[in-house]
Every structure is written in C-alpha cells, then in structure tokens.
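Reader: I am new to this structure. Please show it to me, and then I will ask about it piece by piece.

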Amino acid sequence: MPTNTRTLEYALSVKDLLYAIDLVGTFVFAISGVITSIKRKVDAFGASVIGFVTALGGGTLRDLLIGSTPVGWMTNNHYLIAVGAGVLVAFFMRNKIAGWRRTMFIFDTIGIGLFTILGLEKTLQIGLSPIIALMMGTVSAVFGGVVRDVLVNRIPLIFRKEIYAMACVAGGVVYLLLRHFSEDEYWPIFVSITVVITLRRIAVMRNWSLPVPR
Amino acid sequence: MPTNTRTLEYALSVKDLLYAIDLVGTFVFAISGVITSIKRKVDAFGASVIGFVTALGGGTLRDLLIGSTPVGWMTNNHYLIAVGAGVLVAFFMRNKIAGWRRTMFIFDTIGIGLFTILGLEKTLQIGLSPIIALMMGTVSAVFGGVVRDVLVNRIPLIFRKEIYAMACVAGGVVYLLLRHFSEDEYWPIFVSITVVITLRRIAVMRNWSLPVPR
Amino acid sequence: MPTNTRTLEYALSVKDLLYAIDLVGTFVFAISGVITSIKRKVDAFGASVIGFVTALGGGTLRDLLIGSTPVGWMTNNHYLIAVGAGVLVAFFMRNKIAGWRRTMFIFDTIGIGLFTILGLEKTLQIGLSPIIALMMGTVSAVFGGVVRDVLVNRIPLIFRKEIYAMACVAGGVVYLLLRHFSEDEYWPIFVSITVVITLRRIAVMRNWSLPVPR
C-alpha cells in the first residue's frame, strides 16, 4: 500500500510538473509572438492576436485535424491566462526581455519538446497511427510559428532556417520507441524532451541547416 | 392571451429583423471583399472567392473551433445567395458603389455588431464560457477581413489601423452583462449593437488608434 | 449470376482504377508543390511541407468544413506514401522532371478532375446540397494550391491567371446532371473528368482567362 500511495503521489506530482511546463511554454511562446510582431508595426491588438496564435495555433490545428473540438484551450482557461500573461509581460517589460534571452530560449525549447510529446500522445489516444501522431506532435510544436509568420507576411522561418522541426520529429520517434518498451508513463517523456532540447542546442551551436534544394 | 400572441408576434418580427440584418451584413461584407481584391489585380474568380471569404470566413472559423460542423452556411442557402448578390453588385455596379460609401459603412458597422453578438450567443449555447464566447464573437466579426488580407498578401488591416475589434469586445461585454440581468431576449442585442456602432463611429471620427508597441 | 459477377468485377476494377488515379494525382500534386517551393529558397523541410499541403490541403479543408474528422489521409496511409514518394522524386530526380512536363500536366489535370468529383460525391454522401457539393469539389481540387501560394508569400495563382477552377465547376455541374439521370455509378465520373480535362486543355491552348475587374 505505501508503495502504491507513493507511486500515486509521484504520478500526481509528475503530472503537475508536465502541466506547469506546458503553461510556461505557452507563456514563453506568447512573448516570442508579440516580440516578432513588434518589428512589423502592428498595433497592440494585432500584437496580442499574434502572441495568442503563436502560443496556441499549433495545438488548435492539431485538434481541428484530429476532430477534437471544441479545441483544447476553450475548455481550460489556464492556457488563456498563460497567453494573456505572456502578452502583458511582452508589452510592459520589453526592455528587460532582452536580458532574459537565454532563459527564454531554454523554456522555448522545453516547450517545443513538450508540445511535441503531448500532441503526439493526444493523437495516439484518439486511436490514430504512430506516423500520424508524429506529424501531429510536430504540428503542435511548430505550426503556431507558421501562422505567426503568415500573418506578418513573411515566408515561415521554419521553412527557411530553423531546423527544430527535425528535432521534434527525432524526439517524437524516441518517445514512440520508449513508450513501446517502457512501463513507466513519464520517463519516456523526459528522455524524449531531452533529445529535442539537445538536438536543437547542438543545431544552433553548430549552425546546422537542412539543404536548400537546387 | 392577446398579450402572449402579441409577444410571440413581437419575437417573430424581431427574429426576422435580426435575420435580415445578418443577411444584409453578409451582402455588404461580400461587396467590400470584392472591392479590396480589385485593387490587387485578381481575376473574377479570385475576386468572388475573396468576397465569399470576407463575408463568411469569420463565422466559418468560429464554427470550426467550437466544433459546429458542417459550418453554418452549408445548411442555409440564404447566406450563399447574399454573398452571390454582393459579388454581382460589386462587379456590375462598381461605379455606383462609391456613392453608397456612407450607406455601406453603416451596414458594415451594423453587420460587425450583429455578427459579434450572434457568434457570442452561438458559442454560449454550445456551453462554452463567456470569455470564449466573447473571443468567438469577435472572431465572427473580424476574421473574414483577416483571411481576405492574407489572401491578397498584406498584413491584416485590423492588426495595424482599425480598432473595430475593440468595439466588438466592448459591445460583447455589454451584451453579456445585459443578458445576465435582463429577461427580454432582444433588447440586449440592440443595445450592444448600438454600443459597437457608436464606439466605431467615434473611433473613426476622432481617429482613435491603439498604441503601436515600441 | 454470371452477369452479376461480371458487374461486380467491373465495379471493383473501376473502383481500383479511380483509387489509383487519386493516388497518382496526389503524387503529381506533391511534386508540383515541391517544385514551386524550390524557387522560393525554402529548405528541404519547408519544401516537404509545401509538397504535402499542395497535395492534401484541398481535401483537408473540405473534410474540416463538412465535419468529416479525423481528416481523410489520417486513416489511410496510402495518401501519405503518395506524398512522400512525390517529395522524394522531386528532390532526387528534379533534372529529369523538366522532361516529364507533358506527362505531369496530364496527370495534374486528371487529378484535378478526379479530386473535384470525389470531393463532390463525399459531400453529397454526408447529406449536403448539390451547390455545397459543387463548392467542396472545387475546394478539394484547388485549395491545396492556394495554401501553397500563401505559404510562399504570393497571391494565389488561381486568383490571377489559371482558370482551372472554372473547369472544375463545369465538370462538377456535368457530373451532378449525369448522376441524376444515369444508373451507372462510374461513367458519369469519367465523362465529367473528361470535361474538366478538355476545358483546361482548351483554356491553356487558347490562353483563355477570366476578366480582371476594373
């Protein structure tokens, strides 16, 4: 019994931790959306919408495609609060944000990793195949940035320079394998997020990029 | 009995009136979509599609997000007829439209107000929270214009200059309050539409704009 | 009995043929998406996504709008395989593709015709009206190209020069009429695809275009 109780407590606290990371990732994504928009001369409303879309656009497209509506953030206000906080912080503390660049990059990368795994898991739960789950995990992580770029009228960054989609795919593959062979529900998540973070850090440090056809 | 009958007649005629405004708003939105597209050298097909998207894009996104599919205009041909009429009028009477500017602005603003309230109400009916309903009401009113702008390859106007999204939000808040405290189904609608119209008129007259961050 | 058996065999083989055309059309669309993207300096990931969206974006939007989720390609891996093959061919055989231009144009046009009819039929099956089915058929055929163009930051080609949407609409109308009056399930499909192909060929040869308003 004590073991069971301890396992339950462990599971609960891990679940809380994942949820907290999810919300912090959403918050950081919203900040980065607002900052991108600021360079494009949009007003406060436009900046807020772009922050919102950057943070929640990926999960929204995933939910639409897999038929999970109303989409997730409609039935859980925490995500809206995380976005609202991110937008306000971006507006009122923007001269400090430059100094947070390193911290933000870390949470951004953790967020990308977690969004990938959570999106993948949600798709598997609905009964879709692992390959579709891998795609939907990646969509969850990167599509918000794609819509942000379309709205500010530029070719999506992730189609040109960033390679983090590849890091998401790699982390997703690792997760699928570990999930298959492991009994624990949580450590596959941490291992695969670590894969995403590590790959992305190395990619940025070594300036890796995918080939540009022709 | 006579009172009940009269109330029923009143309700019916008010419902008809709201429905008529909804269709006229759709018609005016379609005209404005076509006119925007004309400046971008698209052909008649492109102009029609852009007219259609401007008029029905907001309600379409709302219906997708809240999971109300098939989307509304698929099961009610009146909306398609309103769009078709708007497109044809824009094509064949365009030298007269300049003279209608004032009338069109009025119906455009009434349309925005009504779209906000109807979208908000539909979202509440599905059982979602007032804050989500407020967002979906605003999406119903403004998102058609956002897609129009993305399709003609410019940063959405509403992210840069127009402040009518704020008017929609304010009208929506008024509606939520009145709906809570009033027993009548209809006068909260008229009051909150009036709020939207008034705020937008004042904003245009006084050249109000939101701050542009940085 | 022999007649019934023969009819069944005929139906099966025709169904297989249509399915094969559907997959080849998807494959060719993916190639054309990748080739378009190559001119815009996107990397291999971006090119793959654009190939995917060009091939499956139209059917995806149709499925979202009519409420048929999870969208079609999520429960049938053949479409993903067709896209993947198209992307790989575009990457590794691109100096040969120029020589295939004529063949690709033929399959592209057949694909457009078939996507129109299959999209139309799927919409009718769900119980929506013929006019909505006509629109959804056209969306299935042309919307992938619209998203492709939005992603590479240009006004959609089909809004400016191409008239193949008109060929889709005409083919769809022919299909609706034949379907109403014919007992056979398949020859209306072939006749209406032939209408689409013929109209598009004539349009290209004679350089037809729609009027540009103003």
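Reader: Which residue with a positive phi follows α6(A)?

Author: This is a predicted model, in which local features need pLDDT of at least 70, side-chain atom pairs count only at pLDDT 80 or more, and totals for chains, interfaces and linings use all residues. Residues are numbered from 1 along each chain as its sequence is written, chains are lettered from A and ligands numbered from 1 in the order in which they are written. Helices are DSSP runs of H or I with at least four residues, strands are runs of E with at least two, and both are numbered from the N terminus. After α6(A) comes a residue with phi near 65°, and that residue is A:Asn153.

Reader: Where is A:Asn153 found, and is A:Asn153 buried, partly exposed or exposed?

Author: A:Asn153 is found in the loop between α6 and α7 of chain A. A residue is buried if 20 or more other C-beta atoms, placed from the backbone, lie within 10 Å of its own, exposed if 12 or fewer, and partly exposed in between. A:Asn153 has 14 other C-beta atoms within 10 Å, so it is partly exposed.

Reader: What is the reach of α6(A), from its first C-alpha to its last?

Author: α6(A) has 22 residues. The expected span of a helix is 1.5 Å times one less than its number of residues. That gives 32 Å expected for α6(A), and the reach is close to it, at 31 Å.

Reader: On which residue is the kink in α6(A) centred?

Author: The bend at a residue is the angle between axes fitted to the seven residues ending there and the seven starting there. In α6(A) the kink is about 50°. Its centre is A:Val142.

Reader: How many residues of α6(A) are buried?

Author: α6(A) is mostly covered. Of its 22 residues, the buried ones number 19.

Reader: Which residues have the most contacts inside the largest nonpolar core?

Author: A nonpolar core is a set of buried Ala, Val, Leu, Ile, Met, Phe, Trp, Tyr and Cys residues joined through C-beta atoms within 7 Å. The largest one here has 177 residues. Those with the most contacts inside it are A:Ala30, A:Val142, B:Ala30, B:Val142, C:Ala30 and C:Val142.

Reader: What does B:Val142 touch, leaving out residues up to four places away in sequence?

Author: Two residues are in contact if their C-beta atoms, placed from the backbone, lie within 7 Å. With sequence neighbours up to four places away left out, B:Val142 touches B:Gly58, B:Ile158, B:Tyr164, B:Ala165 and B:Cys168.

Reader: What turn lays chain B on chain A?

Author: Copies are superposed by least squares on the C-alpha atoms of residues with pLDDT of at least 70 in both. For chain B on chain A, the RMSD is 0.0 Å and the shift along the axis is 0.0 Å. The turn is 120°.

Reader: Which residue of chain B comes closest to the rotation axis?

Author: The C-alpha in question lies 3.8 Å from the axis. The residue has a positive phi of about 65° although it is not a glycine. It is found in the loop between α6 and α7 of chain B. The residue is B:Asn153.

Reader: Which helices of chain B each supply at least two residues of the side that touches chain A?

Author: The contact takes 23 residues from chain B and 23 residues from chain A. On the chain B side, the helices that each supply at least two residues are α2 (44-66), α6 (130-151) and α7 (164-181).

Reader: How many nonpolar residues does the side of chain B that touches chain A have?

Author: Ala, Val, Leu, Ile, Met, Phe, Trp, Tyr, Cys and Pro count as nonpolar, Asp, Glu, Lys and Arg as charged, and the others, Gly among them, as polar. By these classes, this side has 3 charged and 4 polar residues. The nonpolar ones number 16.

Reader: Why do chains A and B meet through different surfaces?

Author: Few interface residues are shared, so the copies meet through different surfaces. The part of the interface residues of chain B that are also interface residues in chain A is only 13%.

Reader: Which bond joins C:Thr69 and C:Pro70?

Author: C:Pro70 lies in the loop between α2 (44-66) and α3 (77-92) of chain C. Omega is about -5°. The bond is a cis peptide bond.
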